[in-house]
Every structure is written in structure tokens, then in C-alpha cells.
Amino acid sequence: MLSIPQIYRIGTMFWDDKYGTHGLSPDGTPVSIIVGSHVCAEDPDEAWIDGEVIGIEGRNATIVTTEGKTIIADISNIYPKDTEAPPAGVDDMTKLAYLHEPGVLHNLASRFALNEIFTYTGNILMAVNPFQRLPHLYDIHMMEQYKGAAFGELSPHLFAVADTSYREMINEQNSQSIFVSGERGAGKTETTKMLTRYLAFMGGRSGTQGRTVEQQVLESNPVLEAFGNAKTTQEGSHDCMAASVVLVNLSRSNLISMGISRGLQFVHIFLKGHVFAKSLTQKGTTIAFTCSLQRHQRDVKKFKLGDPRSFHYLNQTNCYEVANVNDAREYLETRNAMDVVGISQDEQGCHIPCGTAILHLGNIEFIKGNEADSSKLKDEKALYHLQTAAELLMCDEKALEDSLCQRVIVTPDGNNTKPLDPDLAALNRDALAKTVYSRLFD
């Protein structure tokens with residue numbers, strides 16, 4: 001799930017190292033284009049179209065496309081086409097005659113048309129999100145096929161990458177990391193879940209409390225998604241980073257720790273700075289499961305929740321519900337998953353109020369105070385949310401207000417208190433909300 005520029009950089013480095021083609025252009029192809037060359041040219045509608053060069057004048061090439069159109073393109077913006085490439089594409093991009101953007105896209109599209117969503121570039125696996133469930137690709141039978149198989153022996157697959165890493169860890173005693181990178185909606189979360197499932201399948205068959213480690217890892221996924229993801233109109237719950245990197249650190253022992261503890265560390269490290277997502281396609285904060293609470297009436301009063309449209313940190317988007325997603329059921333699954341990963345009922349009684357307190361903190365607004373460069377609560381509504389946040393965080397209401405509207409400067413001569421204007425108080429509020437979120441992982 002790499003971007004095209006990433007495929008370029010990594011793939012051409014692999015190509016150069018393997019074939020010694022450092023004298024070629026940066027995309028790994030010859031730079032000479034002549035009359036009669038079959039090429040790919042940029043097109044505003046189709047991205048790339050192919051055709052034949054019928055004339056060259058200076059830097060401009062005249063091309064007749066396969067649709068019969070005649071176009072003129074700068075010779076630096078056209079790429080040679082591999083006329084001998086198989087119609088079904090190749091399973092490893094290093095087999096392509098030309099490793100450039102139109103070649104990569106055409107190969108991926110050709111394979112995708114045959115429901116082949118995985119393609120290698122050397123030892124790098126690329127995946128195209130099919131936006132549908134393909135259970136046959138990830139079932140036990142498929143795991144058994146890739147178990148112990150040499151890399152490249154079978155068709156490209158996530159399990160081949162996972163198995164290679166697992167074997168390297170076991171046989172060579174080398175620590176392993178698997179990177180999962182891609183743009184929003186590329187399928188990073190699902191990919192990481194499938195990798196984790198395979199690793200648990202290979203190394204975690206013993207179980208506790210009647211569950212195998214594999215079952216525990218799979219049952220823990222709702223926790224990682226609830227705390228680490230935002231809801232989107234495109235595909236439900238996924239991470240709010242446009243191009244994130246997931247690290248799955250393998251350990252010889254305790255794969256359940258790998259699946260859960262490392263996952264939570266990832267969520268903490270990479271997403272705590274994205275607690276307040278503002279993309280119009282996202283459903284509020286990365287603690288999206290708190291929004292689901294309002295569907296579970298028993299807890300609405302307990303955690304002082306309301307309609308998500310009433311919370312500042314949630315109403316920055318136009319996305320409150322996603323088709324075919326049952327928020328109440330997802331909330332119950334999250335609570336069950338918290339039990340599975342060992343979060344006690346007492347700890348859950350702290351985590352969930354902290355999550356909802358963040359939402360109330362976001363509703364505390366400020367206006368100019370009586371003194372210069374000072375601030376105070378805007379109205380009774382702001383006071384209510386301050387009181388609610390203080391109650392949920394089990395702290396003193398006045399102390400919370402002072403911490404938002406003032407800052408303390410520590411000097412050798414003592415502490416000096418300085419008031420904050422409304423804008424700085426709002427920034428202070430957001431910083432506190434992020435800190436509370438961060439402490440959920442300590």
C-alpha cells in the first residue's frame with residue numbers, strides 16, 4: 001500500500017542494485033524516445049494513455065493514441081511502454097521492462113481486474129484495497145499454504161511477508177519489524193490485523209481462559225480501533241493519518257503482548273497528536289467509541305454524554321453515522337475487548353470517563369476577562385461542561401478552571417501566575433485534552 005512515489009524510490013533502488021542500471025533515468029528507464037516508439041503519455045481524464053510516436057520536433061512529440069487521437073506532449077513527460085508485457089500483468093514489478101508510474105499503474109490495474117490485489121516489488125508487497133470482504137484470502141487454509149513456504153514461491157500475499165519475518169526471527173534470532181504504509185483508506189488497519197492474525201497463528205497456539213492467543217489478539221482489535229481510529233464515511237473506522245506507518249515488533253515470546261501492547265504503543269505514539277481530526281470525511285476524534293456510547297442508553301447518563309453534534313471535538317465534521325455500522329454493537333465489542341486484553345472493570349471505569357471528559361473539555365469556551373489579557377468562562381454552558389469534566393476527572397472545579405485560564409511561571413524567587421487571553425486559554429484547553437488522552441496509555 002505504498003504510494004506511487006514510494007514505489008518509484010524503493011523499486012528503482014532495488015532495480016539498480018540488482019541490474020546495475022544506474023546510468024538510466026531516475027525512473028529506471030532509458031531516456032531516448034524516437035519515432036516509432038510505443039509510449040505512455042499523461043492524460044487529464046485517464047491519468048495515462050498509450051500510443052505511438054509519429055514525429056518529434058524539438059522537445060515536443062506527436063503521438064497517435066490507441067483510441068486514434070493525436071496529441072502533442074513534452075518528450076520529458078512521456079515514458080516508453082513495454083509492448084511485450086503479459087496482459088495479466090506480472091506478480092513482481094522487477095520483472096517489468098520499465099519501472100515507471102504508468103507501468104506500475106497498468107500492472108496493478110491488470111492484476112486487480114483479475115482479483116489479484118497483491119503484487120511484489122522485490123521483497124516489498126503492494127496491496128490495492130478491494131473495498132470488499134475477501135475471506136478466502138485470509139482463512140486457515142491460506143495460512144497453511146504459506147506456512148514455511150519460501151518467499152516468492154507462491155503468489156504475492158501478506159502471509160508470505162509475515163512468514164518470512166517470523167522465520168527470520170525464530171531461525172536467526174533477529175528482531176523484525178513490518179512496515180505497513182499507505183494513504184487514507186488504503187487498508188492499513190485491516191492489513192495489520194491480518195498480519196497479527198498470522199503471527200498469532202504461527203506462534204501463539206497455547207491459550208488462557210479457554211482462548212488461544214490468536215483468538216485473544218483478534219478479540220483485542222476493537223480496542224485498537226476505538227482508541228486509534230476515526231470513523232469515516234468511506235469505510236467506517238480507520239486511522240486518521242494520511243500516510244501512517246504501523247510497526248509490528250516481533251518478540252520470540254509472548255505474541256499476545258506483540259499484538260496488543262505494541263499496538264497500543266503505536267496508537268499512542270502516532271495518533272495522540274491527531275485527537276482532534278477536522279477532515280469533513282471523519283467522524284470526530286480518535287476516541288470514536290465514546291461517540292458510540294450515546295447509542296447505549298444505559299451509559300449515557302452515567303458518562304454524561306449527548307448527541308455527538310453537541311460536542312466541539314465531534315461536530316467539526318459532517319459525519320456522525322456510517323451506513324451499515326452499528327455503533328451500539330461496536331461499543332459492546334469494545335468493552336468486551338477491553339476485558340480480553342486485561343483492562344479490569346475498575347480501569348475501564350477510569351478510561352471511559354477520561355475519554356468523555358475530553359469531549360466536555362472541548363466545549364469549554366472563553367471570553368475576555370476583566371483584566372488585561374485575561375479570560376473567563378463564556379457562559380453557563382461553558383460552566384456546565386467545566387463542572388462535568390471536573391467530575392469525570394475527579395478533580396477540583398476551581399483548580400481546573402485556573403489551570404485553563406492561567407499559567408504558572410516557576411522562578412528561583414517563587415511562582416508567578418500569569419493570566420491567559422481567550423485564544424491562549426483555548427490552546428491550553430486543547431493541550432490538556434491531548435495530555436489526558438496520552439495518559440490513557442501510561
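This is a short talk through one protein chain, from its overall figures to its sheet, its hairpins and some of its side-chain pairs.

The model is predicted, so a word on method comes before anything else: local features need pLDDT of at least 70, side-chain atom pairs count only at pLDDT 80 or more, and totals for chains, interfaces and linings use all residues. Residues are numbered from 1 along each chain as its sequence is written, and side-chain values use heavy atoms, with hydrogens and water left out.

Overall figures, then. The protein chain has 14 helices and 18 strands. Those are DSSP runs numbered from the N terminus, with helices being H or I of at least four residues and strands being E of at least two. Of the 442 residues, 48% are buried. Buried here is under 20% relative accessible area, exposed is over 50%, and partly exposed is in between, with a 1.4 Å probe and protein chains only. The accessible surface of the chain is about 22,300 Å², and carbon and sulfur atoms account for 50% of that. Those areas come from the Shrake-Rupley method with a 1.4 Å probe, and for residues only the protein chains shown count as cover. On contacts, meaning heavy atoms within 4.5 Å, take the pairs at least 6 apart in sequence: 59% of them join residues at least 24 apart.

Next, the sheet. Five strands make an open, antiparallel sheet, and the order is β4-β3-β2-β1-β5. Strands count as paired if DSSP finds at least two bridges between them. At the edges are β4, residues 70-74, and β5, residues 78-80; each has a single partner strand, so one side of each has no neighbour in the sheet. From one strand to the next the twist averages 45°. For that angle, axes are lines fitted to C-alpha atoms, for helices over the stretch in contact, and angles run from 0 to 180 degrees between N-to-C directions.

Inside this sheet, β2 (residues 47-57) and β3 (residues 60-65) run antiparallel and are joined by six bridges. Valine 53 is placed opposite isoleucine 63 of β3. The hairpin of β2 and β3 has two residues between the strands, and glycine 58 there takes a positive phi near 65°.

On its other pairing, β3 meets β4 in the antiparallel sense over five bridges. Threonine 62 is opposite isoleucine 72 in β4. Four residues lie between β3 and β4 in their hairpin, and in that turn glycine 68 has a positive phi of about 95°.

How do the side chains along β3 alternate? Ala61, Ile63 and Thr65 point to one face and are buried, while Asn60, Thr62 and Val64 point to the other face and are not. As background, side chains in a regular strand alternate between the two faces of the sheet.

Further along the chain, β17 (residues 406-411) and β18 (residues 414-419) form an antiparallel pair over six bridges. Two residues make up the hairpin connection from β17 to β18. Valine 410 has asparagine 415 of β18 as its bridge partner.

Now the charged side chains. A salt bridge is counted when a side-chain nitrogen of Lys or Arg is within 4 Å of a carboxyl oxygen of Asp or Glu, and the count is eight. I will go through some of them. Lysine 95 pairs with aspartate 91 at 2.9 Å, N to O. Lysine 95 is exposed at 55% relative accessibility, and aspartate 91 is partly exposed at 28%. Arginine 111 pairs with glutamate 116, with the closest N and O atoms 3.8 Å apart. Arginine 111 is buried at 7%, whereas glutamate 116 is partly exposed at 34%. For arginine 429 and aspartate 430, the closest N and O atoms are 3.1 Å apart, and both residues are buried.

One more lysine: number 147 sits in the loop between α3 (140-146) and α4 (158-172). Lysine 147 is partly exposed, with 43% relative accessible area. Leaving aside residues up to four places away in sequence, lysine 147 touches Asp163, Arg167, Tyr198, Phe201 and Met202. Lysine 147 and aspartate 163 are 16 residues apart in sequence, with 6.4 Å from C-alpha to C-alpha.

Last, the cysteines. How many disulfides are there, taking a pair of cysteine sulfur atoms within 2.5 Å as the rule? The count is zero. Cysteine 354 is buried at 18% relative accessibility, and cysteine 395 is partly exposed at 35%.

Key
Disulfide = S-S within 2.5 Å.
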